[in-house]
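User: I would like to learn how to read a protein model feature by feature. Can you take me through one, starting with the general idea each time?

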Amino acid sequence: MTTTAPVKMVLDCDTGVDDTLAILYAALHPAVELLGVGSVWGNVDLDTATRNCLHTVHLAGRPDVPVARGADRPLLQTEPVFAYHVHGDDGQGNAGTGRVLGEPVAESAAEQMIRIAREHPGEVEVVAVGPLTNVAIALAACPELPTLVRGITIMGGAALAPGNVTEVAEANIWCDPDAAAAVFNAGWTVTMVGLDVTMLTTLDDGHRERLAAGGTLGQYVAGILDHYIGYFAAASFGERRSCMHDALAVAVAAGTLVPDLAPLVRAYVSTEGRTRGQTVCDLRGMYMGFPEQEGARCRPVLRTDPAFADQVVDLLVAAGDAAVPVTPVAGTEEESA
Ligand code: BDR
Ligand code: CA
């Protein structure tokens, strides 16, 4: 019997609802060795994102995973734009516990990413599921980062699918296109888990019922998904279901979701005008099996098994109870865990 070592991972997130599922998946799945979590502005402000990252690792019974604070705004634009209407005021579908659990480490998310990469040369997968601001800051501080890591996988972009902020731009790329352009141009191969697949892997009230019938962890997730599913019912699907987004990137990086189609192609991020935030992938080879392209350094994932949603639900149900109480508390009093 062959056993595969878990994938060492640094996970960078703007923790709203789907990021919470991604952190839980990374913290609980035996195929992942989660070495650090970084917070970044995006779905919610940085303080809320950081609090949610900490809350989630505690829920998973992994308070040992360090959480580092990252950037609170995009690299060049001055004003961040958040998505509370999607993720709720608390980034937890207005169904969070209100608990403040643990504290971020002293180093920044970019510093943590670089340190962990240096400690495990060639072994660490950077998985970024929010705006790419922290990764761009890490690249500026450590231009050799691409040679130090195993790879980078992002949730972001859209190769063939429409955008979800503009006609062509996906939210994580649209939030900080200048950072995204730096990441795409850094000389590593970017595995791009974008809207082409994340919009097709959905969670509905049947999934919520299965989660709610599990332990307190499943019940918590069922609770935070209610508002999120409601948003997507109105905005995207016309019925009560939501896309899963971020957990797909973690699973692709971990090898627990193997893409059915992910060609290696040239790609760039538009930073100008009406198409700002678009990921432009050269898919002209698609009618002849994607022949090799010179300078190709992006692997857009174009097809995955939508049944992956069940894998996530199974994992969360099997985990049973959360490691901390999931009942809401009044206010945001400090708790030690
Ligand atoms: C991406 O944007 C964020 O709202 C989600 O968490 C996900 O990472 C989807 O476009
Ligand atoms: Ca995200």
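Analyst: We will go through pockets, helix burial, a surface patch, backbone angles and salt bridges. Keep in mind that this is a predicted model.

User: Start with pockets. How is empty space found, and what volume does the largest pocket have?

Analyst: The general idea is a rolling probe. A probe the size of a water molecule, rolled over the atoms, shows where empty space is left. Here the largest pocket has a volume of about 540 Å³. Its lining has 31 residues, and Val86, Asn164, Val165, Ala171 and Tyr231 are the closest to the centre.

User: Which elements give two or more residues to that lining?

Analyst: They are α1 (17–28), α3 (84–87), α7 (171–175) and α11 (216–237). The largest share comes from α11, with five residues.

User: How do the lining residues divide into nonpolar, polar and charged?

Analyst: There are 18 nonpolar, eight polar and five charged residues in the lining of the largest pocket.

User: Next, helices. How many residues of α8 are buried?

Analyst: General idea first. An α-helix has 3.6 residues a turn, so residues three or four places apart point the same way. Now the case. Helix α8 spans residues 177–184, and seven of its eight residues are buried. The helix is mostly covered. The buried residues are Pro177, Asp178, Ala179, Ala180, Ala181, Val183 and Phe184.

User: And in α1, is Val17 buried or exposed?

Analyst: Val17 is found in helix α1. Its relative accessibility is 0%, so Val17 counts as buried, the cut-off being under 20%. Val17 also has a contact partner to look at in sequence terms. Gln92 is 75 residues away along the chain, yet the C-alpha atoms of Val17 and Gln92 are separated by 5.3 Å.

User: Now the surface. Which residues form a nonpolar patch?

Analyst: Leu75, Leu76 and Ile137 form one. Together they have about 280 Å² of accessible area. Ile137 sits in helix α5 (residues 133–141). With a relative accessible area of 36%, Ile137 is partly exposed.

User: Let us turn to the backbone. What phi values should I look for?

Analyst: Most residues other than glycine have a negative phi. A positive value therefore deserves a look in a residue that is not glycine. Asn94 is one case here, with phi near 55°. Asn94 lies in the loop between α3 and β4 (100–101). Its relative accessible area is 46%, so Asn94 is partly exposed.

User: What is phi of His245, and where is this residue found?

Analyst: Phi of His245 is near 55°, again positive in a residue other than glycine. His245 is in the loop between β9 (241–243) and α12 (246–254). Is it buried or exposed? His245 is buried, at a relative accessible area of 7%.

User: Last topic, salt bridges. How many does a search of the whole structure find?

Analyst: The search finds 20. The idea is a distance test: a side-chain nitrogen of Lys or Arg within 4 Å of a carboxyl oxygen of Asp or Glu. Take Glu144 and Arg118, whose side chains meet at 3.1 Å, N to O. The pair links distant parts of the chain, 26 residues apart. Glu144 is in the loop between α5 and α6 (145–148), and Arg118 is in helix α4 (residues 109–119). Glu144 counts as partly exposed at 36% relative accessibility, and Arg118 does so at 46%.

User: Which residue forms a salt bridge with Asp226?

Analyst: Arg240 does, with the closest N and O atoms 2.8 Å apart. Arg240 is in the loop between α11 and β9, while Asp226 is in helix α11, 14 residues apart. Arg240 is partly exposed at 34% relative accessibility. Asp226 is partly exposed too, with a relative accessible area of 36%.

User: What about Glu239 and Arg241?

Analyst: Glu239 and Arg241 form a salt bridge, and their closest N and O atoms are 2.5 Å apart. Glu239 is partly exposed at 42%, and Arg241 is partly exposed at 23%. Salt bridges can also share partners, and here Asp205, Arg208, Asp226 and Arg240 are joined that way into one network.

Note on methods:
Residues are numbered from 1 along each chain as its sequence is written. Chains are lettered from A and ligands numbered from 1 in the order in which they are written. This is a predicted model: local features need pLDDT of at least 70, side-chain atom pairs count only at pLDDT 80 or more; totals for chains, interfaces and linings use all residues. Side-chain values use heavy atoms; hydrogens and water are left out. On a 1 Å grid over the protein atoms alone, a cavity is a set of points where a 1.4 Å probe fits but cannot get out, and a pocket is an open set with protein on both sides within 12 Å along at least five of seven lines; lining residues have an atom within 4 Å of a point. Grid points are joined across faces, edges and corners, and a volume is the space filled by probe spheres set on the points. Helices (H or I, at least four residues) and strands (E, at least two) are DSSP runs, numbered from the N terminus. Ala, Val, Leu, Ile, Met, Phe, Trp, Tyr, Cys and Pro count as nonpolar, Asp, Glu, Lys and Arg as charged, and the others, Gly among them, as polar. Buried means under 20% relative accessible area, exposed over 50%, partly exposed in between (1.4 Å probe, protein chains only). Patches are made of residues with over 30% relative accessible area and no salt bridge: like charges are joined within 9 Å, nonpolar side chains (Val, Leu, Ile, Met, Phe, Trp, Tyr) within 5 Å. Accessible areas come from the Shrake-Rupley method with a 1.4 Å probe; for residues, only the protein chains shown count as cover.
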